[in-house]
Each structure stands twice: as C-alpha cells, then as structure tokens.
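Me: Please take me through the salt bridges and a surface patch of this protein. Keep it short.

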Amino acid sequence: MQGELAGKVAVVHGGSGAIGGAVARAFAREGARVFLAARGRGRLETAVAAIAAAGGSAEADCVDALDPDALAAHADAVAERAGGIDVVFNAVGFVHVQGVPFAELSLADFELPVHRYIRSQYAIAQAAARHMRAGGAIVSLVTPVARMTGPGFLGHCVACAGVEAISRHLAGELAPRGIRTVCLRSHAIPETLQHGSHAREVFQPQADAAGIGLDEMMRGAADSTLLKRLPTLEEIAGAAMYAASPRAASMTGAILNLTSGVLLD
C-alpha cells in the first residue's frame, strides 16, 4: 500500500476508541504500519480487523496509559519489531466534568483529571520519543476548554492547557532530532456518542442536568459555533494525517483548531 506514510511506523494510543480508530484507519490507508494501544482487547481486535479488511497493516497491544513502565515497554517492543517509530497519535482522554463551582470543588476532584491527562500524555510522548526517527511527529488531541470558562471544568481546563504546554516545549527540545509536535484542538464529535465511548459518560450527565437529550445537546453545541456545525471523525482523522505527513514538515509546536470557530487563534 503506497501513500504519504508509506514505510512509516505509526503508534496510535486510544486506538480502540472512535477517534483513535478513525485516525488509525487513515494512517493505514496512507501506507503506515500501525500499532494500536488501548486497554480493551476486544475493541482493539475489532479495530485491527477493520484496518486489515481495507488492505492495511495493524497490530494491537493492551496497554494502560497510566502505567509509564508499560508504555515504555510497549514503545521498546514496537521499535524492536518495526525498527523505530515515526508517528505517535495520542487519543487517550480522561475528561472529567466535576460539575461544581470552584468554591465547592475538592482538591482531590481537581487533581484527578490533571493527574491522569497530563501524566498519560507525558509518558506516551517520552516513551515514543526515545525511538523516534528524524521526520517524525507527535500529535496530541485536546479539547477547547483550556481557553474557555464555566463551572465544572476547571480540572480538565488545566489538564488540556498542560498538554498544550508539553507539546510546545517538546517542539523546541525535539527539533534538533527532526521531530515535530502538533496539537489538535477538537470540539465535541457527535459520532463518538455512538460507540459506547467515554464521550457518552461525559456528556450524558450534562444533558440530564439540563433536562434534554444528547442529540439536542449536540445541536445546541453546534449552534453555538460560528459555522453552526461540529467536527466529524473523518475531519479529525484528516487533520491528524496532515499533521503527521511530510506536507506539514515545517509545522511544529502548533495547535490546529477544529472547533468550528468556537476559538479563534
């Protein structure tokens, strides 16, 4: 299979989920040898089968994104099997909406998303970077709340801001090795609600509190954007593909907004 990532080795963390799966399929379509990592074996096997059915190459391993030793061992194993790593896409998400104002937010509840989200992003990038080749790219996924305000999102807001800061710092530190970093900042993606994913756990309580259904909530979110629409999985996958490809060879430390105009940089 020939394409923009032909001969490249791509690791997709959170590869069993809706977003990770879409990105993995896009990477495979462009010729990459894809390694999927996530906690659930069954969904990983389904994702690998979908890529294989389309003529791509994919392997999968169960890895806990909160275990740095497991992440390091996985990166070592991928590099040994494939000769190195060229692309890392991190779709691991630990969104926690506390749902209470700052004055009532416990320190433990504040620290939970900060600890989980930043820890996983840091450990994944560090494990992979040890084996990445010149021309490689580390692509991360965040939500727009780092630049927004509202009760109930403080911990997640700080976590996303931290991930963006890590990406910017690594742009400078890894540039001498020819490795780039890009953050994709995505608004809510309605399709993820159809996959029994973490997204439903996040949005359902908010919809219940507002006394509306999830579809109505998503329509309201779309109406709040400048473009009156929310991103699709294929659009996220396309942006990830561009960020990882030679077409973005001059891009590093960047944030690509896929928020339909909720944020303007």
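The turns below cover salt bridges, then a surface patch.

Reply: This is a predicted model: local features need pLDDT of at least 70, side-chain atom pairs count only at pLDDT 80 or more, and totals for chains, interfaces and linings use all residues. Residues are numbered from 1 along each chain as its sequence is written, and side-chain values use heavy atoms, without hydrogens and water.

Me: What does the count of salt bridges come to?
Reply: A salt bridge here is a side-chain nitrogen of Lys or Arg within 4 Å of a carboxyl oxygen of Asp or Glu. By this rule the count is 8.

Me: Which residue forms a salt bridge with Arg 29?
Reply: The closest N and O atoms of the pair are 3.6 Å apart, and the partner of Arg 29 is Glu 234. The pair links distant parts of the chain, 205 residues apart: Arg 29 is in helix 1, and helix 8 holds Glu 234. Helices are DSSP runs of H or I with at least four residues, and strands are E runs of at least two, numbered from the N terminus. So the residue asked for, with 3.6 Å between closest N and O, is Glu 234.

Me: Which residues do shared salt-bridge partners join into one network?
Reply: Glu 59 pairs with Arg 33 at 2.7 Å between the closest N and O atoms. Arg 81 also meets Glu 59 in a salt bridge, at 3.0 Å, N to O. Salt bridges that share partners join one network: Arg 33, Glu 59, Asp 61 and Arg 81.

Me: Is Leu 154 buried, partly exposed or exposed?
Reply: Leu 154 lies in helix 5. Buried means under 20% relative accessible area, exposed over 50%, partly exposed in between (1.4 Å probe, protein chains only). The value for Leu 154 is 33%, so Leu 154 is partly exposed.
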